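Please look over the sequence and the model shown here before reading on. The briefing is meant for a reader at the bench who wants to follow individual residues in their structural setting.

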Amino acid sequence: MDTNKEKLQYLKNNNPIMRVASQLGFNVSERGSTVAIHCFNNSAHSRGDKSPSLVLQPNTNTFECKSCGVKGDVLDFIQAIKKTNFKDAVLFLNSNFFRKS
């Protein structure tokens with residue numbers, strides 16, 4: 001790996017979003033080839049997220065809420081859940097890289 005961009009992509013590719021979500025305390029329940037969890041973006045849901053609407057997509061390592069529209073990759077997910085910046089999200093992902101569950 002020659003560049004930081006390649007290292008970052010390697011780190012993202014080797015940290016499945018389902019595992020990261022589980023490490024962050026989400027109870028993941030499989031729904032076919034995707035996993036649905038309750039959306040963390042409560043301010044966008046007038047009555048809360050009563051049924052799991054945030055879909056984790058393991059094949060692309062991304063997420064999207066089918067109700068409020070929030071979406072992104074595994075780093076965006078960490079930033080949103082931990083309310084942190086990009087650098088700290090990368091550090092979190094890197095620190096968890098060797099702790100496979």
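What follows is a short overview of the chain, and then bullet points grouped by topic.

The model is a predicted one, and its protein chain has 4 helices and 5 strands, which appear along the sequence in the pattern α-α-β-β-β-β-β-α-α. Of the 101 residues in the protein chain, 36% are buried.

**Overall fold and surface**

- Among the contacts in the protein chain with a separation of 6 or more, 44% are between residues 24 or more positions apart.
- The protein chain has an accessible surface of about 6300 Å², and carbon and sulfur atoms account for 49% of this area.

**The largest nonpolar core**

- The largest nonpolar core holds 20 residues, and those touching the most other members are V20, I37, L54, L56, F77, I78 and L93.
- Two or more residues of this core come from each of the helices α2, α3 and α4 (86-96), and likewise from each of the strands β2 (34-37), β3 (54-57) and β4 (62-65).

**Aromatic pairs**

- The structure contains 4 aromatic pairs, and one of them joins F26 to F77 in a tilted arrangement, with 5.7 Å from centre to centre and 50° between the planes.
- Because F26 belongs to the loop between α2 and β1 (29-31) while F77 belongs to helix α3 (residues 74-82), this pair ties together parts of the chain that are 51 residues apart in sequence.
- Both partners are buried, F26 with a relative accessibility of 18% and F77 with a relative accessible area of 0%.
- Ring pairs also link F26 and F77 with F40 and F63, so that the four residues belong to a cluster.

**Cysteines**

- The structure holds 0 disulfides, and C65 is accordingly in no disulfide, the nearest cysteine sulfur being that of C68 at 3.6 Å.
- Seen from the other side, C68 is also in no disulfide, and the nearest cysteine sulfur to C68 is that of C65, again 3.6 Å away.
- Why is this pair not counted as a disulfide? The sulfur atoms would have to lie within 2.5 Å of each other, whereas the sulfur of C68 is 3.6 Å from that of C65.
- The two cysteines can also be described by their exposure: C65 counts as buried at 1% relative accessibility, while C68 counts as partly exposed at 26% relative accessibility.

**A buried polar residue in a loop**

- Where does N15 lie? N15 is found in the loop that runs between helix α1 (4-13) and helix α2 (17-23).
- N15 is buried, since its relative accessible area is 0%, and buried residues are those with under 20% relative accessible area.
- The side chain of N15 makes a polar contact with the side chain of R19, at a distance of 2.9 Å.

**Helix α3 and a long-range approach**

- A80 lies in helix α3, and with a relative accessible area of 26% this residue counts as partly exposed.
- The C-alpha atoms of A80 and N41 are separated by 8.5 Å, although the two residues are 39 residues apart along the chain.
- Helix α3 also contains F77, a buried residue with a relative accessible area of 0% that is among the core members touching the most other members.

Technical notes. Residues numbered from 1 in each chain as written. Predicted model: local features only at pLDDT ≥ 70, side-chain atom pairs only at ≥ 80, totals over all residues. Heavy atoms only, no water. Buried < 20%, exposed > 50% of the residue type's maximum accessible area, 1.4 Å probe, protein only. Polar contact = N/O pair within 3.5 Å; in protein donor to acceptor, adjacent residues only side chain to side chain. Phe/Tyr/Trp six-rings, centres within 6.5 Å; stacked < 30°, edge-to-face > 60°. Contact = heavy atoms within 4.5 Å. Areas by Shrake-Rupley, 256 points an atom, 1.4 Å probe, with all protein chains shown as cover. Core = buried A, V, L, I, M, F, W, Y, C linked by side-chain atoms within 4.5 Å.
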